[in-house]
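User: I'd like to go through the labels on this model and see what backs each one up. Can you take me through them?

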Amino acid sequence: MPNPYASTGSVATVTSSIAGGADDLTGGGPGSAPKLSTGTVLARLAAYVRPHAGLFVLSFISAAVSVILQLYVPIQIGRAIDIIIGPGQVDFEALLVLATQLAAVVAGAAVTQWIQGYCINRLSYRAVRDMRVETSEKIGRMPLSFIDAHPHGDLISRVVNDVDQVGDGLLQGFTNLFTGVVTIVGTLVFMLTVSVPMAIVVVLVTPLSIVAAGLIAKLSNKSFAAQQCIQGELGAHVEEYVGRQKLVAAFGFAPRAEERFGSLNSELYTAGERAQFLSSLSNPGTRFINNIIYAVVGVLGCACVITGWPAVLTVGGVQTFLSYANQYTKPFNEVTSVITQIQTAFASARRVFALVDSAEETPDAPTAIELTDPQGDVQIEHVDFSYVPDRPLLRDICVHARPGMRFALVGPTGCGKTTLINLLLRFYDVNAGQILLDGHDIRQLTRKSLRAAFGMVLQETWLFEGTVADNIAYGRPDATREQVIAAAERAHADSFIRALPQGYDTVIGEDGGTFSQGQKQLLCIARIMLTDPAILLLDEATSSIDTRTELQVQEAFDQLMSGRTSFIVAHRLSTIRNADCILMMRDGQIIERGTHDELLARGGAYAELYNAQFAE
């Protein structure tokens, strides 16, 4: 492997050395980071900077002008010292000119430094904005299997926390890179003009600080990577704990949840403490070496003034050279002072890129058909499916639902009822067989047009923070207020909505706030009634509603299902008596099919299940 510390004249080399070290982490698991080299990470970050090249160039120009002006200050100070040296030898007129020039130079340096900071901030935050937009859109293109397999809190941590850490690293990295490169080159040139031998001494000793920073960085890199991974796990735990607080309280799980939180928090503290301690050694170490360089330059400078060897220098020249020696080593000190932000940024960038590089949902076929007028003819032909390859779930499922037919899916938990619904919507694709909608294989239809043909009400409700009207109109944001109210009336939700403080304009909290589970379910039913789809998918849609309200909603569903193909998943068999066909499932297979009366007369598994529910 090439030595990353071979160069002595570039802050980029030091930054690259500091940022490396997490490359041995493997991607794929929750909280992990991909095995990306430092160069690859830098190249990918550059892609977010490239659209804002104007700010990048202006930042670099401002940094160059600012540094050059600052480098001119020691020359003026050296000249002033030479003017005032010795009693009665002060040239006040020349000193006033130098002072005026010095003030102008300092003011110019301050203005250009402000411009550089302004451009760097805008550049960093725009790049971070673009990165966050890309990661957010990426989640929308991911298959449901990926979302199901990864902790949601960890995904949120990558989109929010890790992207922010990358932004902090960009801000610090660019600031130090721009000023550092110009400072090193500029001071080297100025030192060579003052004294070549002294400049060579500084250049030869400086690599010691680079090596020291690099060695310490290697020790701390893995700790920074571990810190970000544990932070993702902690975010996942907190998201679950807060999101299911009622369940936690009901089961008295709080002590165990707090114990888990304490364990993760302790791991994060240990990893963070180790990372911070090791990285904190870099700045004092490089400053110690640079102070030695400063002392060596001072001693040699005095020798030059007294003896004229190895170069002839004045007292002002020594002061000028000491200032340049100090500025030459300053960029290395600045880089090591922000090593924490830089290392954290690279560890976070790897986690973000792990998300960005994850496999997306299989795109629509180039010849995919846009379904414009769905009739609701659904054919499921010899479908096999499994979530895990060696554990089959659905086997040889065959169903033909003609337009307007009502199919009910019943059976014990885990038999594949909801999975069949997921296959109809192409949340997952079948392993064998095919599903046809109006004669088209659903894999040959665009997902958007396919899913627009379905309306779905789940057992688990979902409401977002917003007004009641906005929640009902989620599937049809262009719906009028009259249409929203009509849908709520059909779902028997209008009465309790009007009793709210602001009626349909009442803002509800995340996941429904203080609404009862039944009220939340009614709002979800109103949402699907407003979309008026060709095919209905009802997965335990009335499970959280009292019996009286269920009868009212069932009447509304009967009206809504009239002339529409419907698939109803139900454990309460009283809700599916009027189904045209009932599919009794067990172990991923359809073991019985027929109407309610036919299955009862058969005296098989359905009759046994029905009698068990309504036995005296």
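Analyst: Sure. Arg 351 and Asp 154 are both buried. Keep in mind that this is a predicted model.

User: What makes the contact between Arg 351 and Asp 154 a salt bridge?

Analyst: The N to O distance is 3.2 Å, and the cut-off is 4 Å between a side-chain nitrogen of Lys or Arg and a carboxyl oxygen of Asp or Glu, so the pair qualifies. Arg 351 sits in helix H13 (residues 339–356) and Asp 154 in helix H6, 197 residues apart, so to speak linking distant parts of the chain.

User: How many salt bridges does that rule give?

Analyst: The count comes to 16. Some share partners: Asp 154, Arg 158, Asp 162 and Arg 351 are joined into one network that way.

User: Why is Arg 447 called buried?

Analyst: Its relative accessible area is 8%, and buried means under 20%, so the label fits. Arg 447 also has a salt bridge with Glu 361, with the closest N and O atoms 3.4 Å apart. That pair spans 86 residues, from the loop between H13 and strand E1 (378–385) to helix H15 (residues 447–452).

User: What about Arg 564 and Asp 532: what makes their pair a salt bridge, and are the two buried or partly exposed?

Analyst: The closest N and O atoms are 2.1 Å apart, which is within 4 Å, so the rule is met. Arg 564 comes in at 18% relative accessibility and counts as buried, because the limit is under 20%. Asp 532 has 42% and is partly exposed, since that label covers values between 20% and 50%.

User: How do you know that H3 and H4 are roughly antiparallel?

Analyst: Helix H3 (residues 53–84) and helix H4 (residues 92–141) pack at about 160 degrees, with their axes 8 Å apart. Angles over 145 degrees count as roughly antiparallel, so that's the verdict. The crossing of H3 and H4 is left-handed.

User: Why does Val 185 count as partly exposed?

Analyst: Val 185 has 46% relative accessibility, and exposed would need over 50%, so it stays in the middle class. Val 185 lies in helix H6 (residues 152–194). In space, Val 185 is 10.0 Å from Ile 68, C-alpha to C-alpha, though they are 117 residues apart in sequence.

User: And what makes Ile 200 eligible for the nonpolar surface patch?

Analyst: Ile 200 has a relative accessible area of 44%, and patch residues need over 30%, so it passes that test. Ile 200 shares the patch of about 370 Å² with Leu 192, Val 196 and Leu 204. Helix H7 (residues 196–205) gives the most to the patch, with 3 residues.

Technical notes
Residues are numbered from 1 along each chain as its sequence is written. This is a predicted model: local features need pLDDT of at least 70, side-chain atom pairs count only at pLDDT 80 or more; totals for chains, interfaces and linings use all residues. Side-chain values use heavy atoms; hydrogens and water are left out. Patches are made of residues with over 30% relative accessible area and no salt bridge: like charges are joined within 9 Å, nonpolar side chains (Val, Leu, Ile, Met, Phe, Trp, Tyr) within 5 Å. Accessible areas come from the Shrake-Rupley method with a 1.4 Å probe; for residues, only the protein chains shown count as cover. Helices (H or I, at least four residues) and strands (E, at least two) are DSSP runs, numbered from the N terminus. Buried means under 20% relative accessible area, exposed over 50%, partly exposed in between (1.4 Å probe, protein chains only). Axes are lines fitted to C-alpha atoms, for helices over the stretch in contact, and angles run from 0 to 180 degrees between N-to-C directions. A crossing is left-handed if the near helix is turned anticlockwise from the far one by less than a right angle, and right-handed if clockwise.
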